[in-house]
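Reader: I've just opened this one up and could use a friendly tour. Can we start with the sheet and then wander over to the helices?

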Amino acid sequence: MNRPYKVLIADDEKPVAAGLQGQLESLGYDVVAVVNDGHHAIEVCRRSLPDVVLMDIEMPGLDGLSAARQIVRDPGTPVIILTAHGHPNLIDQAVEDGVLYYLLKPVTSPSLHAALQVAVARAREIRTLRENVNTLELTLRERKLIERAKGILMTRRSLSESEAFRLLQRQSQDRRMPMSKLAESIVQADELLESPHQPSEPARRSSGYSQDL
């Protein structure tokens, strides 16, 4: 590890929590806090931003699965569930809640180390995938805006598609504005001009303007 991973332990059994802390520290991890219920786990996690959370299921107040569900969503920290119960329903629920690893007590140091490494790596992969998806969605939106802006210029200025695109390029460079932002402003201006809320005929007549103008 380039730096020791920061780990939060959430377990209401003090001997178990102390044993986990000793194992983690002997493996070179940094235990940022030890808490004994789900509510404190969420609070400390959001404040200290650990790399991973070791979470027991059965705790007073908010149970481990409910706390894990919130932590995975905000701040997005990977969670490893620790429990003495290996019931398939619990495992399925943990997976649905976004838990990345599930360990049965008692936990050996090698299995604990492997679980932490896998959970952190997997969380990074998921984060990268989400960022890539967001980038693709943004790129698609920008392309759609540019296509709409080209269509507007082609209609309003009687330009070919290539001429409309070159005009967008020139204006983008002259104004030092991203082409997508320029396209968005053109689309918004066109929508404003095409708005159906126009002055009524009586209002136009009363303004003194001729209907021929």
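Reader: Sure looks like there's a sheet in here, so in what order do the strands of the open sheet come?
Author: Keep in mind that this is a predicted model. The open sheet is formed by 5 strands, and their pairing is parallel. Going across, the order is β2-β1-β3-β4-β5.

Reader: And which are the edge strands?
Author: Look for strands that pair on one side only. That description fits residues 30–35 and residues 101–104. So by the rule that two strands pair if DSSP finds at least two bridges between them, the edge strands are β2 and β5.

Reader: How much does the twist average from one strand to the next?
Author: We're still on the open sheet with the parallel pairing. From one strand to the next, its twist averages 20°.

Reader: Which residue in β4 is the bridge partner of Leu54?
Author: Strand β3 covers residues 52–56 and strand β4 covers residues 79–83. The two run parallel and are joined by 4 bridges. For Leu54, the bridge partner in β4 is Ile80.

Reader: On to the helices! Are α6 and α7 roughly parallel or roughly perpendicular to each other?
Author: Helix α7 spans residues 179–193, and its axis comes within 9 Å of the axis of α6. The two axes cross at roughly 110°. Angles of 65 to 115 degrees fall in one class, so α6 and α7 count as roughly perpendicular.

Reader: Is that crossing of α6 and α7 left-handed or right-handed?
Author: Where they meet, α6 brings Phe165, Leu168, Gln169, Gln171 and Ser172, while α7 brings Met179, Leu182 and Ile186. By class, that contact has 5 nonpolar, 3 polar and no charged residues. As for its hand, the crossing of α6 and α7 is right-handed.

Reader: Let's zoom in on Ser172: is it buried or exposed?
Author: Ser172 sits in helix α6, residues 161–174. Leaving out residues up to four places away in sequence, Ser172 touches Met177, Pro178, Met179 and Leu182. Its relative accessible area is 11%, and the cut-off is under 20%, so Ser172 is buried.

Reader: What about Ile146, buried or exposed?
Author: Ile146 belongs to helix α5, residues 109–157. Beyond its neighbours within four places in sequence, Ile146 is in contact with Phe165, Leu168, Met179, Ser180 and Ala183. Its relative accessibility is 15%, so Ile146 counts as buried.

Reader: Last one: what distance separates the C-alpha atoms of Ile146 and Leu182?
Author: Along the chain, Ile146 and Leu182 are 36 residues apart. In the model, their C-alpha atoms are separated by 8.4 Å.

How values were computed
Residues numbered from 1 in each chain as written. Predicted model: local features only at pLDDT ≥ 70, side-chain atom pairs only at ≥ 80, totals over all residues. Heavy atoms only, no water. Buried < 20%, exposed > 50% of the residue type's maximum accessible area, 1.4 Å probe, protein only. Contact = heavy atoms within 4.5 Å. Axes fitted to C-alpha atoms, helices over the stretch in contact; angles between N-to-C directions. Parallel < 35°, antiparallel > 145°, perpendicular 65-115°, else oblique. Left-handed = near helix turned anticlockwise from the far one by under 90°. Nonpolar A, V, L, I, M, F, W, Y, C, P; charged D, E, K, R; others polar.
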